[in-house]
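Me: Could you take a close look at one part of this structure for me, the place where its two parts meet? I would like a connected walk through it, in plain bench language.

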Amino acid sequence: DDTAMGLRILRLHGYNVSSDVLKTFRDENGEFFCFLGQTQRGVTDMLNVNRCSHVAFPGETIMEEAKTCTERYLRNALEDVGAFDKWALKKNIRGEVEYALKYPWHRSMPRLEARSYIEHYGPNDLWIGKSMFMMPYISNEKYLELAKLDFNHVQSLHQKELRDLRSWWTSSGFSELKFTRDRVAEIYFAPASFMFEPHFASCRAVYTKFSILTVILDDLYDGHGTLDNLQLFSQAVKRWDLSLVDRMPEDMKICFMGFYNTVNEIAEEGRKRQGREVLGYIRNIWEIQLAAYTKEAEWSAARYVPSFDEYIENASVSISLGTVVLISALFTGEILTDDVLSKIGRGSRFLQLMGLTGRLVNDTKTYEAERGQREVASAVQCYMKDHPEISEEEALKHVYTVMENALDELNREFVNNRDVPDSCRRLVFDSARISQLFCMEGDGLTFSGEMEIKEHVKNCLFQQVA
């Protein structure tokens, strides 16, 4: 219990500790116990080992074995109505287990995890040793009261920020666009779920505005605009030239003017925060983003299915997480040098893995629907093109395997990138995690009203903790 928790916490705080410590608790059958020869295990220790197993690095067999063993044990415990924990009498150990299995670390956002912990927290929990005892520095009614007050206070700040973002959406004219999705609350929920602290208010606003712009422009480039008009839009961005606006259709004018004004406004604020000009930096990031959108539009128009590697190279950019993160990083409160920016930049493995995992999880949940809409390129379809002898099910399994391996590698990048400020590392890593949550059931952004993501938005932003 303590060893697994220690391993997890040390890794999450940047200490590259070895998972070999878990070998002490594994028997010859691959089962995990606190003590060799033990015939009965407790739920709390298996739960801590399970949580620990998700902070795995590539190739760590012991962590994979721990995950398999503990998931099996915990699911069996949930099915046994009479299951109990030999180490503790807790308020809602069943609820803790249910949450951990449904929302493992890569899709358990800090704000949702905090709410879950508040709801399951037992101020009068007992621990069992040679006698039963309480630990007032762990279970305490005042801690619970403070946690509720803090959660509700921060939520009220988030609600005000959301109202301001809704006003920006309307004043920018985006509410007049018929081809795109109005998902202001859902998109704001993303940064609010992990960069939730009050001092990250500007970061949340920038993250939300640029995320909304990526959705609008993705919808524009993905079937709404003609190739000629899309090339005109990209040229106007590259030249940063308002004279081209008159040649655009009305809805594209709205898109460009909203985009142009927002970028200029944020670049000016970024200049003040960073102490140097950042407009060129932001425009360059957007040019790369629009080039990725354009390539996908050209593939679609030509009915071209690229190879898996060719697709991934472009699609890891077109998923747009990199664009949002690289600009939002300027507003984390850190003065970022070119050297630091390069460590999370387009060429960094850290950012590439974030884009890759975000793209793959999205494709696994949307490729069938998009195929029905005559979209020809997805990770699944491109892999099947490269390997015509395999089935769709086998291709989907391969994509999941690539994604799981990439998530393990992302864990390692998160721990090892100590030259990058913690707030920037969180921004990259948690953006990958929120993608996993949004695509847990399907396309959680497009169909948010029909999926569990709706409850997450409500619990994070609107429903107070009682």
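Reply: Happy to. Domain 1 and domain 2 bury about 2600 Å² between them, and 63% of that area is on carbon and sulfur atoms. A figure of this kind is a common choice because the size of an interface is often given as the accessible area lost when the parts come together. Please keep in mind that this is a predicted model.

To get your bearings, domain 1 covers residues 1-139 and domain 2 covers residues 148-462. Their C-alpha centres lie 34 Å apart. The contact draws on 23 residues from domain 1 and 31 residues from domain 2.

Let us start on the domain 1 side. The residues there that lose the most area to domain 2 are His-106, Met-109 and Arg-111, which together make up 31% of what that side buries.

Next come the polar links across the boundary. There is 1 salt bridge between domain 1 and domain 2. Lys-102 forms a salt bridge with Glu-452, and the closest N and O atoms of this pair are 2.9 Å apart. In addition, 12 residue pairs are in polar contact between the two domains, counting pairs with both residues at pLDDT 80 or more.

Which elements give two or more residues to the side of domain 1 that touches domain 2? They are helix H1, residues 2-12, and helix H5, residues 110-120. Of the elements, H5 gives the most to that side, with 5 residues. Sorted by class, the domain 1 side that touches domain 2 has 12 nonpolar, 6 polar and 5 charged residues.

Now cross over to Gln-436, a good residue to zoom in on. You will find Gln-436 in helix H18, which spans residues 422-438. Is Gln-436 buried or exposed? Gln-436 counts as buried because its relative accessibility is 8%, and the cut-off for buried is under 20%. Setting aside neighbours within four places in sequence, Gln-436 is in contact with His-106 and Arg-107, and also with Thr-357, Val-361, Met-403 and Leu-407. His-106 is thus a name you have met already, as one of the three domain 1 residues that lose the most area to domain 2.

For one more stop, try Ala-315 in helix H12, residues 308-318. Ala-315 is buried, with a relative accessible area of 0%. Beyond neighbours within four places in sequence, Ala-315 is in contact with Glu-296 and Arg-359. Ala-315 and Met-354 are 39 residues apart in sequence, and their C-alpha atoms are 12 Å apart in space.

How values were computed. Residues numbered from 1 in each chain as written. Predicted model: local features only at pLDDT ≥ 70, side-chain atom pairs only at ≥ 80, totals over all residues. Heavy atoms only, no water. Domains from an automatic or database assignment. Contact = heavy atoms within 4.5 Å. Buried area = accessible area lost by both parts, 1.4 Å probe. Salt bridge = Lys/Arg side-chain N within 4 Å of Asp/Glu carboxyl O. Polar contact = N/O pair within 3.5 Å; in protein donor to acceptor, adjacent residues only side chain to side chain. Helix = DSSP H or I, 4+ residues; strand = E, 2+ residues; numbered from the N terminus. Nonpolar A, V, L, I, M, F, W, Y, C, P; charged D, E, K, R; others polar. Buried < 20%, exposed > 50% of the residue type's maximum accessible area, 1.4 Å probe, protein only.
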